[in-house]
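The following exercises invite a study of one protein model. Each task is followed by a solution that proceeds step by step.

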Amino acid sequence: MWARFRNVKLVAGLHLKHRMFTTLLELKPFNSKISTLMRSGLVDEAEQLFDEMPRKSTVTYNTMIRGYFENGFNEKAVFLYSKMQYRDTFTCNTMITGLMRSGDVEGAEEVFGSMGCRDVVTWNSLISGYFINERVNDAMRLFNMMPLKDVVSWNLVLGELVRLRQYGLAEELFREMSNRDTISWTIMLKAYLDFGRISEATEIFNAIPVKDIQAWNVMLLGYVHSEFLILAESFFHKMPKKDLSSWSIMVEGYISNGRINDALRLFNEMPEKLEKLWKLIILGCTKNGLVKEGHALLEKSPYSCIVSWTNIMIGYFRIGEVANALQVFDSMPARDTTVWNAAIFGLGENDHGEDGAKLLIRMKQNGILPDESTVTSFLTLCSNLPSLNLGKQIHAESMKLGINGMAPVTNALITMYCRCGTMNSALLEFTSMTCRDIISWNSIICGLAHHGHGIKAIEIFEQMALSDVKPNEITFVGVLSACSHAGLVQKGKQCFQAMRNEYNIKSTIEHYTCMVDLLGRCGLIHEAMDLLNQMNLDAVEVGESIWGALFGASRLHNNLCIAEIAGKKLLELDSSNSGVYMILAEMYLGRGMKEEAYGMWSGMKKIGVKKQPGCSWIESSGGWKVFLSGDRSHCDFVGILCTLNLIYWELVMS
């Protein structure tokens with residue numbers, strides 16, 4: 001009877017196992033589909049499939065939970081976990097990993113504590129989570145508590161300590177490891193190389209019992225990054241086997257050290273060539289000034305592409321060969337927006353503003369829509385001309401494209417209007433911005449200061465102090481310049497001290513120049529001289545701009561003694577500075593010191609210094625008219641004189 005009962009029980013057990021196996025087979029395609037949908041970010045579709053399933057296994061729930069975490073739906077993952085009647089170890093491990101990655105350390109610890117049975121993966125998941133949340137002490141405490149550690153556990157902790165630059169702890173842990181694999185050695189090798197300890201790295205490499213290609217590549221990369229190129233060459237040739245990474249590391253090493261010919265030679269020796277490396281060689285040529293050589297290589301290359309041709313064009317612009325750059329541009333079979341933008345920017349950088357404007361018109365005629373970079377580049381070009389009419393046209397174009405509200409475009413508009421002196425338009429653009437960055441604040445503050453609106457610039461700076469944007473070195477150059485123009489001595493002193501003490505910004509020569517100019521304009525010339533001693537304490541060189549500001553202040557307040565000191569320093573720095581000679585001569589004559597004045601003039605004549613004529617220009621009829629002081633050669637000279645005469649009498653009569 002008992003035998004019969006055992007047989008019935010056995011049959012029932014086999015039947016149950018068969019049903020479970022059949023259920024798992026039936027659910028496998030559904031679980032796989034859910035996983036695919038979650039990886040594609042189609043969470044709603046995955047949820048719909050999950051809800052429609054008549055039966056669900058633990059694997060189904062695990063797949064959904066992992067998918068929720070991967071797509072950032074952490075609360076849904078926790079809710080589904082709480083609904084599960086049966087959870088396996090994989091469920092808990094998934095929860096620990098997901099909660100840790102989302103920063104819920106306490107939640108992960110709670111899941112860990114509730115587990116009756118933990119495997120090595122469980123411990124590793126919690127340790128990894130502690131490291132992700134930078135709780136190193138907790139991670140090390142848990143690691144030391146682990147009842148059983150595998151090599152993955154050791155490598156996990158070792159790798160994380162290296163990532164967090166805890167090299168001392170990593171070394172100690174590595175010494176404790178009784179069972180190391182290739183990954184363990186490679187982690188420690190990379191740690192020494194990242195820290196610049198080449199000799200220790202070499203010792204580690206030599207001690208590796210079985211070296212795979214990754215270990216060889218890590219060591220090679222370390223030599224290259226540490227600029228031990230001779231060692232890298234020798235090491236490369238000793239390698240028993242090389243993969244594409246090995247060749248790439250060595251070629252890029254040659255390029256970064258300017259050895260383009262060696263890079264090209266090695267590239268030609270490669271058994272399998274990468275187009276990416278060829279592009280890097282061309283780029284290396286342009287960065288190292290070998291633009292023509294790179295151009296010649298590209299002409300013969302089977303890897304000709306728009307990126308390489310663009311780099312050659314940019315290279316020509318960098319060395320000032322605009323004609324060659326435009327020739328490359330015109331010869332390109334296809335041009336995308338990036339190419340047009342680079343050409344417009346390059347023309348602007350080389351003072352070919354009108355050509356840049358014409359190129360923009362060509363761009364639109366070719367059906368290429370300007371983008372944010374186009375507008376920004378062109379506005380910069382306009383502000384360098386400066387051409388208000390062109391700037392307004394491109395402003396209108398940016399409004400048509402709907403990109404005038406973008407921060408880089410608005411910043412460029414502010415800069416353009418400031419440089420053209422149209423401060424109302426600049427302020428209008430600034431106030432219309434919903435989100436301002438440091439460039440926005442600096443542009444308007446420096447623009448206002450440059451055009452003499454010192455008080456308004458200070459007001460804007462005070463608004464900035466209440467915002468989330470912290471001022472930088474450039475901000476304070478504008479603020480101190482504004483104080484100088486407005487004669488706000490006390491405010492200038494306060495800002496200078498706040499820059500150093502509150503914002504921890506180191507004073508540069510530009511800041512000291514502004515302070516010397518501020519104090520000098522207000523007649524505090526001896527205080528300005530005291531600042532020179534402060535500069536020496538701050539290890540800031542007293543340059544031409546400082547002596548120039550002091551010299552200007554001395555002239556303004558007729559302080560001949562300081563003017564002589566500053567003037568002498570200026571002439572030591574630049575003996576051809578005609579302005580210094582003329583101003584000193586003028587000051588000497590004002591005091592009846594004719595011999596000293598004649599000495600200045602004779603000194604100029606002796607070394608061949610000539611007074612530079614004053615120069616000004618205006619924009620008229622789409623072009624620029626340049627005028628030199630004393631020049632009568634202009635074709636409309638008589639008409640200009642008549643117009644000026646009429647303006648003069650209008651002013652007299654009014």
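The exercises begin with the whole protein and then turn to selected residues.

This is a predicted model, in which local features need pLDDT of at least 70 and side-chain atom pairs count only at pLDDT 80 or more, whereas totals for chains, interfaces and linings use all residues. Residues are numbered from 1 along each chain as its sequence is written, and side-chain values use heavy atoms, with hydrogens and water left out.

**Exercise 1. Describe the overall form of the protein.**

Step 1. The secondary structure comprises 37 helices and 2 strands. Helices (H or I, at least four residues) and strands (E, at least two) are DSSP runs, numbered from the N terminus.

Step 2. The radius of gyration of the protein is 36 Å, whereas a compact globule of 654 residues would have one near 26 Å. This radius is taken over C-alpha atoms, and the globule rule is 2.2 Å times the number of residues to the power 0.38.

Step 3. The C-alpha trace spans about 140 × 60 × 55 Å along its principal axes.

**Exercise 2. State how much of the protein is buried, and describe its surface and its charges.**

Step 1. Of the 654 residues, 42% are buried. Buried means under 20% relative accessible area, exposed over 50%, and partly exposed in between (1.4 Å probe, protein chains only).

Step 2. The accessible surface comes to about 36200 Å², and 55% of this surface belongs to carbon and sulfur atoms. Such areas come from the Shrake-Rupley method with a 1.4 Å probe; for residues, only the protein chains shown count as cover.

Step 3. There are 64 positive and 70 negative side chains, and the centres of the two sets lie 5 Å apart. Lys and Arg count as positive and Asp and Glu as negative, while His and the chain ends are not counted. The place of a charge is taken as NZ of Lys, CZ of Arg, CG of Asp or CD of Glu.

**Exercise 3. Identify the buried residues of helix H14 and the helices that cover them.**

Step 1. Helix H14 covers residues 229-238, and its buried residues are Leu 229, Ala 232, Glu 233, Phe 235 and Phe 236.

Step 2. An α-helix has 3.6 residues a turn, so residues three or four places apart point the same way.

Step 3. The cover over the buried residues of H14 includes helices H12 (198-207), H13 (213-225), H15 (244-256) and H16 (260-269). Here, contact means heavy atoms within 4.5 Å.

**Exercise 4. Compare the surroundings of Ser 507 and Thr 513.**

Step 1. Ser 507 is placed in the loop between helix H30 (489-501) and H31, while Thr 513 belongs to helix H31 (residues 509-521).

Step 2. Ser 507 counts as buried because its relative accessible area is 4%. Thr 513 is likewise buried, because its relative accessible area is 17%.

Step 3. The side chains of Ser 507 and Arg 500 are joined by a polar contact of 2.8 Å. A polar contact is a pair of N or O atoms within 3.5 Å; within protein, one must be able to donate a hydrogen and the other to accept it, and residues adjacent in sequence count only if both atoms are side-chain atoms. In Thr 513, a polar side-chain atom lies 2.7 Å from the backbone oxygen of Ile 509.

Step 4. Beyond four places in sequence, Ser 507 touches Phe 496, Met 499, Arg 500, Tyr 512 and Val 540. With the same exclusion, Thr 513 is in contact with Ser 545, Ile 546 and Ala 549.

**Exercise 5. Which loops hold Arg 165 and Ala 539, and what is the sign of phi in Arg 165 and Ala 539?**

Step 1. Arg 165 lies between helix H9 (151-163) and helix H10 (167-176), and Ala 539 between helix H32 (525-537) and helix H33 (544-556).

Step 2. Phi is positive in Arg 165, near 60°, and positive in Ala 539, about 60°. Most residues other than glycine have a negative phi.

Step 3. Arg 165 counts as exposed because its relative accessibility is 54%; Ala 539 counts as exposed because its value is 72%.

**Exercise 6. Is Met 600 buried or exposed, and which residues does Met 600 touch?**

Step 1. Met 600 lies in helix H36 (residues 594-607).

Step 2. Met 600 is buried because its relative accessible area is 17%.

Step 3. Not counting residues up to four places away in sequence, Met 600 touches Tyr 581, Leu 584, Ala 585 and Tyr 588.
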